[in-house]
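Here are some notes for a colleague who is opening this entry for the first time. Please read them with the structure in view.

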Protein chains: 2
Amino acid sequence: MAVNQSRAAAPYFLKCSQCSLRKLCLPDSIDSEGLAQLEEAIEPSAPYHDNQIVYEAEQCFDKIYAVKSGMFKTVTVDPEGNEHIVGFHLPGELFGLDAIYPGKYISTAISISTSSLCEIHYSDLESLAAKLPSIQHQLLSLMSKEVHASNALSMDQTAEQKLATFLLSLSSRYKQRDYSESRINLIMPRRDIANYLNMAPETVSRLFKRFQKEGILDIKRTDLTITDMRALTALGGCTGAC
Amino acid sequence: MAVNQSRAAAPYFLKCSQCSLRKLCLPDSIDSEGLAQLEEAIEPSAPYHDNQIVYEAEQCFDKIYAVKSGMFKTVTVDPEGNEHIVGFHLPGELFGLDAIYPGKYISTAISISTSSLCEIHYSDLESLAAKLPSIQHQLLSLMSKEVHASNALSMDQTAEQKLATFLLSLSSRYKQRDYSESRINLIMPRRDIANYLNMAPETVSRLFKRFQKEGILDIKRTDLTITDMRALTALGGCTGAC
DNA sequence: CGAACAATTGAACCGATTCAAGATGCGTGG
DNA sequence: CCACGCATCTTGAATCGGTTCAATTGTTCG
């Protein structure tokens with residue numbers, strides 16, 4: 001069932017003033033004036049249903065987004081028309097930052113389930129960052145983090161390692177937002193997981209089966225329970241920075 | 001011969017005040033006072049010989065670096081002791097930015113040939129960025145660019161596509177710095193190219209041979225000449241953002 | 001219930017790696 | 001200046017992980 005879904009509706013994310021964008025001020029900001037300015041700049045968006053577009057590739061870059069609930073994916077389309085999923089975005093995470101350099105979105109952002117967002121104009125965020133060092137630092141830090149995530153994915157790994165690392169990543173990201181780290185709702189289809197990890201859906205299926213046989217996890221459709229975190233970590237190898 | 005090497009010694013890079021870090025102010029800064037402050041913060045480093053370490057993984061993060069001449073590589077080592085090359089850094093490029101988030105270097109930076117650097121303390125850069133919006137923007141823009149580069153590498157591609165894209169990347173990066181875009185000095189060993197692209201050195205060798213047979217390029221040891229840029233671009237597919 | 005789509009499973013296939021050998025280039029010392 | 005030795009690069013043949021193709025089962029929803 002919708003394990004995370006239900007948590008996503010928790011009070012914490014209900015008011016935009018408390019959405020994850022506010023965390024840009026944290027952990028060290030005591031500047032309440034700046035905090036107020038930040039909250040002023042943040043706008044809640046209308047709720048999204050399944051498979052709705054937030055922005056499209058090539059579109060002019062103006063805002064960045066924070067996930068309040070549900071899940072989003074960002075996808076690129078190469079000249080031959082093949083889609084490639086660049087990332088999944090969980091509650092509490094930002095997306096759209098990769099558009100800063102070209103000044104236009106390079107990917108298309110799409111909701112995966114019933115979801116909600118907060119938005120902020122990037123120009124507002126930049127001027128706030130100039131005023132508040134902690135925001136500037138958090139922003140740069142976040143970008144740095146994204147570089148790591150991308151680098152980790154580009155490492156040469158077996159399909160087994162990639163899937164293990166992917167699950168561990170989801171687990172730790174949910175944990176960080178106070179969701180369960182062992183029970184995860186994989187709302188995205190297998191096809192999307194496979195696409196993101198650059199493998200065939202069949203391979204994902206076979207691996208899930210093997211992991212289950214080995215007692216590492218328990219999966220039924222979208223409902224995943226990690227039963228042996230230690231074993232999964234061992235498979236993943238270099239989980240984080242590496 | 002050392003095609004790029006000789007260019008690297010051109011006057012433009014001789015004085016640190018004109019090294020690539022200064023470009024953080026560009027293209028739009030007219031704030032000469034800020035420019036002076038930036039130049040103040042930048043320090044030239046002693047020259048590096050082949051295979052010397054700039055910083056090591058796990059070391060505390062304090063400075064970022066700009067390549068003045070030569071070439072550097074950043075490498076990570078996974079738990080099993082396998083090295084992985086994260087990037088090559090050409091004259092005019094920065095490295096060390098991925099250390100912002102963890103607050104420590106996650107890779108080891110090593111000179112590939114006789115090379116030189118400029119350094120800047122990251123704390124100085126952050127405070128300058130807070131004062132000068134153009135620097136802040138350039139910095140964020142650069143980070144955004146790095147995300148793209150990593151994402152491009154993590155795309156599912158054949159060995160052929162990856163090598164073509166790699167060569168095109170080198171070409172365009174050299175071109176951007178006013179070096180030749182068609183004649184490139186591949187000072188790094190085949191082993192390193194292969195490692196960076198996640199393939200076996202043998203595959204790199206075979207591909208170079210094929211590219212040569214197809215009249216796309218002319219390579220002898222480290223001396224590469226791209227003879228058919230159009231064909232190479234076609235092979236590369238989604239070169240840039242994708 | 002039945003149609004449409006998603007996930008699973010099995011068998012053939014292919015790209016790239018691995019292993020093993022040979023060729024080439026390069027620095028060193030005679 | 002040539003001969004030697006070491007390291008890198010190249011080349012060929014066997015192997016393997018993962019994909020592709022094809023068929024089956026399972027799930028969702030009108």
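1. In the predicted model, B:Lys63 has B:His121 of strand S8(B) as its bridge partner. This pair belongs to the contact between strand S3 (residues 63-69) of chain B and S8(B), which run antiparallel and are joined by six bridges.

2. S8(B) also pairs with strand S1 (residues 43-44) of chain B, again in the antiparallel sense, over two bridges, and here B:Pro44 stands opposite B:Cys118. Strand S8 itself, residues 116-121 of chain B, is mostly covered, since five of its six residues are buried.

3. A second element worth following is helix H7 of chain B, which comprises residues 201-213 and thus has 13 residues. From its first C-alpha to its last, H7(B) reaches 19 Å, close to the 18 Å expected at 1.5 Å a residue.

4. Which residues of H7(B) are buried? They are B:Val204, B:Leu207 and B:Phe211, and, seen down the axis of H7(B), the buried residues fall within an arc of 65°, so they line one face of the helix. The buried residues pack against helix H5 (159-176), helix H6 (190-196) and strand S10 (217-220) of chain B.

5. The other side of H7(B) carries exposed residues, namely B:Glu202, B:Lys209, B:Arg210 and B:Lys213. Just after the helix, B:Gly215 takes a positive phi of about 75°.

6. Turning to the nucleic acid, DNA strand C is surrounded by 17 residues, of which the closest are A:Pro189, A:Ser205, B:Thr158, B:Met199 and B:Thr203. Two or more residues of this surface are given by each of helix H6 (190-196) and helix H7 (201-213) of chain A, and by H5 and H7 of chain B. The largest share of the surface near DNA strand C, six residues, comes from H7(A), and the residues of that surface divide into six nonpolar, three polar and eight charged.

7. Finally, the two protein chains meet where 37 residues of chain A are in contact with 37 residues of chain B. On the side of chain A that touches chain B, strand S5 (83-89), helix H3 (122-131) and helix H4 (133-154) each supply at least two residues, and the largest share, 16 residues, comes from H4(A). The residues on this side of chain A divide into 19 nonpolar, 12 polar and six charged.

Definitions and conventions: Residues are numbered from 1 along each chain as its sequence is written. Chains are lettered from A and ligands numbered from 1 in the order in which they are written. This is a predicted model: local features need pLDDT of at least 70, side-chain atom pairs count only at pLDDT 80 or more; totals for chains, interfaces and linings use all residues. Helices (H or I, at least four residues) and strands (E, at least two) are DSSP runs, numbered from the N terminus. The expected span of a helix is 1.5 Å times one less than its number of residues. A residue is buried if 20 or more other C-beta atoms lie within 10 Å of its own, exposed if 12 or fewer, and partly exposed in between; C-beta atoms are placed from the backbone. The arc is that of the directions from the helix axis to the C-beta atoms. Two residues are in contact if their C-beta atoms, placed from the backbone, lie within 7 Å. Ala, Val, Leu, Ile, Met, Phe, Trp, Tyr, Cys and Pro count as nonpolar, Asp, Glu, Lys and Arg as charged, and the others, Gly among them, as polar. A residue is near a molecule or strand if its C-beta atom, placed from the backbone, lies within 6 Å of it. Two strands pair if DSSP finds at least two bridges between them.
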